[in-house]
Amino acid sequence: MQQSTVLVALLLLAATLAGVASAETAPDEAIEIGRSHLLESKLLEQTRRINVYLPKSYDESPQRHYPVLYLLDGGVREDFVHITGLASLAADYRNLREFLVVGIENIDRYHDLTSPTAVEAERQRLPTAGGAAEFRTFLGRELLPWVKSRFRVTGETVLIGESLAGHFVVETYLEQPRMFQGYVAVSPSLWWNDQRLAKGAASALRRPRPADRHLFLAIADEGGAMQEGLDRLLAALAAVSASSWTFEPFPGETHGTIFHPAAWTALRQLFALEPAGSGQDSS
């Protein structure tokens, strides 16, 4: 009896060691969250890196088409990983529709995301600033058609960004509202250029715009000119009855912590599950 017990123990030990050895010699595997592409931009005369996350069901449902979230600051070392993590929850928990994430990686962030400024201190601190109009043209004329030609997408598009990228989102919503259907601006840097964008919002909103465009705004515990600029923008939005917008304050967050919780709140609203048979994410 004692010998049998020892024999069983030895066999179990051998099996365990064999399993450990097998695990140790198994080849490493890459963990993939998306694919990186290079887009040659004739307009910008640059090669731009575009990072794309495809929903879990993308390969499994070849007839299905998906909305797209366009992410500013979309490099792998920027916000791409954070936002694709949120996007993956659509497949895991089914509390929002699945969507593609298209991350635009930066080359010169301060050039692409800012309009020209008349404030001398800003021009000295960020001497390459002022290229937002050209970058926006790149998005509309090159990036959006590129995505449409390569992936199964619907016409539903959302642009998201935080800080200076949030300023760019608001500026796009005000100046070219037809470019995207949804706009998410998190703690937008509306202090830029002496709050010119916020001060001109009322005039911009009086121009004709599609009724189905929606602006989602969020702000951390910022204070100062950033809060003042947002207050100006909110007042202008409130005065236009036809405008569609949402404001979510996050007083418990800082400029460095707000993006993740605010983005999740916005995505749950903009990509909410549609009633069965609505066809929003199918061909």
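**A tour from helix α10 to the β1–β2 hairpin**

Select helix α10 and its surroundings: the elements that cover the buried residues of α10 include β3 (66-71), α2, β5 (153-162), β6 (182-186) and β7 (214-219). The model on display is a predicted one.

Next, show the side chains of α10 alone. The buried residues there are F259, A262, A263, W264, A266, L267 and L270. An α-helix has 3.6 residues a turn, so residues three or four places apart point the same way. The length of α10 may be checked between its end C-alpha atoms, which lie 16 Å apart; this agrees with the 16 Å that 12 residues should span at 1.5 Å a residue.

Now add helix α2 (residues 80-93) to the selection. Its axis and that of α10 (residues 259-270) are 10 Å apart, and the two helices pack at an angle of about 35 degrees. Their crossing is right-handed. On the α2 side, the contact is made by H82, I83, L86 and L89, and on the α10 side by F259, H260, A263, W264 and L267. Of the residues in this contact, seven are nonpolar, two are polar and none is charged. F259, A263, W264 and L267 were already selected as buried residues of α10.

Finally, move to strands β1 (residues 35-41) and β2 (residues 46-53). These strands run antiparallel and are joined by seven bridges. To follow one of the pairings, select L39, whose bridge partner in β2 is R48. Then select the four residues between the strands of this hairpin, where E45 takes a positive phi near 55 degrees.

Methods
Residues are numbered from 1 along each chain as its sequence is written. This is a predicted model: local features need pLDDT of at least 70, side-chain atom pairs count only at pLDDT 80 or more; totals for chains, interfaces and linings use all residues. Side-chain values use heavy atoms; hydrogens and water are left out. Axes are lines fitted to C-alpha atoms, for helices over the stretch in contact, and angles run from 0 to 180 degrees between N-to-C directions. A crossing is left-handed if the near helix is turned anticlockwise from the far one by less than a right angle, and right-handed if clockwise. Contact means heavy atoms within 4.5 Å. Ala, Val, Leu, Ile, Met, Phe, Trp, Tyr, Cys and Pro count as nonpolar, Asp, Glu, Lys and Arg as charged, and the others, Gly among them, as polar. Two strands pair if DSSP finds at least two bridges between them. The expected span of a helix is 1.5 Å times one less than its number of residues. Buried means under 20% relative accessible area, exposed over 50%, partly exposed in between (1.4 Å probe, protein chains only).
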